[in-house]
Amino acid sequence: ADNTCATVQNVFGEIPRRHKYLRKKEGKADEKWVSVLMPLFLGAIVYAITLICKVPALHFLRFEFLLNVIITCSVTISGFILTAVSILVSAGSSKIVQKMRASDTMQELRLCYTETLLIGFGVIIFFTAMGAIVGEDNLISSALVSICTAVLVTYLSSILITGYFLISVINLINDVPPEIDNHGSSPTGDYR
């Protein structure tokens, strides 16, 4: 039980430290690729599981509604990520952004949001095409169900990783103490 707790702590305990701007430089390149490849790996695992389990073809009564929800959520999340990134870019002269650039965290952020945006655009294109491919009977073949499930798991895991990274960056901003001018000041100029 202690080893399991230590393993869980190592897995989940490393995530926040990994994104701190004061982290160690060793193994950083491997960590970047792990966070980039993790969603794709999870999607491949889910795809294999759905193929092995032989998921049957599914019939959806309101398939257009489901497609609209998926596409709308994907567009909204992509917009949120672009907004968060634009806020960070506009704060280029702040101390936190300078520390992020100095420790190469900005490149890691770029990898995370680029991956999520690309997968998000892929989701939009895939499900738009799927809406055009599926017939009036709204019957989705088992192969297409497997692909859809893998695409959604890939996208959701990418969103979670990027969201966690952006929240970690926001926490970094909160961790930086504000600069306080401890020197007294007196007004200049002629007063009575």
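Hi everyone, let's start with the fold: this protein has six helices and two strands. Helices here are DSSP runs of H or I with at least four residues, strands are runs of E with at least two, and both are numbered from the N terminus. Going along the sequence, the order is α-α-β-α-α-α-β-α.

A word on where this comes from. This is a predicted model, in which local features need pLDDT of at least 70 and side-chain atom pairs count only at pLDDT 80 or more, while totals for chains, interfaces and linings use all residues. Residues are numbered from 1 along each chain as its sequence is written, and side-chain values use heavy atoms, with hydrogens and water left out.

Now the overall picture. Of the 192 residues in the protein, 32% are buried. I'll call a residue buried under 20% relative accessible area, exposed over 50%, and partly exposed in between, with a 1.4 Å probe and protein chains only. The accessible surface comes to about 12600 Å², and 67% of that belongs to carbon and sulfur atoms. Those areas come from the Shrake-Rupley method with a 1.4 Å probe, and for residues only the protein chains shown count as cover. As for contacts (heavy atoms within 4.5 Å), take those between residues at least 6 apart in sequence: 87% of them join residues at least 24 apart.

Let's go inside. Which residues of the largest nonpolar core touch the most other members? They are F63, V123, F127, M130, V134, I140 and L144, out of 16 residues in that core. Helix 3 (63-90), helix 5 (105-133) and helix 6 (142-175) each supply at least two residues of this core. By nonpolar core I mean a set of buried Ala, Val, Leu, Ile, Met, Phe, Trp, Tyr and Cys residues joined through side-chain atoms within 4.5 Å. Apart from this core lies another one, of 15 residues, and I96, M100, L117 and V169 are among them.

Let me zoom in on M130. Setting aside neighbours within four places in sequence, M130 is in contact with F63, I140, L144 and C148. Then there is G131, also found in helix 5. G131 is partly exposed, at 33% relative accessible area, and it touches F63 and L67, not counting residues up to four places away in sequence. The C-alpha atoms of G131 and N68 are separated by 9.5 Å, with their positions 63 residues apart along the chain.

Next, S74, which has its place in helix 3. Is S74 buried or exposed? S74 is buried, with a relative accessible area of just 1%. Leaving out residues up to four places away in sequence, S74 touches G120, V123, I124 and Y155. C73, by contrast, is partly exposed at 42%.

On to the rings. The structure holds two aromatic pairs. One of them joins F126 and F127: this pair is edge-to-face, 5.1 Å centre to centre, with 85° between the planes. For the cut-offs, rings of Phe, Tyr and Trp (its six-membered ring) pair if their centres lie within 6.5 Å; planes under 30 degrees apart count as stacked, over 60 as edge-to-face, and the rest as tilted. F126 counts as partly exposed because its relative accessibility is 22%, whereas F127, at 3%, counts as buried.

There is also a charge over a ring: the charged end of R62 sits over the ring of F65, 5.0 Å from its centre. That label needs NZ of Lys or CZ of Arg within 6 Å of the ring centre and within 35 degrees of the ring normal.

Finally, the loops. C53 lies in the loop between helix 2 (28-52) and strand 1 (58-59), and C53 is exposed at 55%. The C-alpha atoms of C53 and S146 are separated by 9.9 Å, although these residues are 93 residues apart along the chain. And how many disulfides does the structure hold? Zero, where a disulfide is a pair of cysteine sulfur atoms within 2.5 Å.

K54 is in that loop between helix 2 and strand 1 too, and K54 is exposed at 68%. Most residues other than glycine have a negative phi. K54, however, has a positive phi near 50°, and N138, which is not a glycine either, has one of about 60°. N138 has its place in the loop between helix 5 and strand 2 (139-140), and N138 counts as buried, at 8% relative accessibility.

Thanks for listening!
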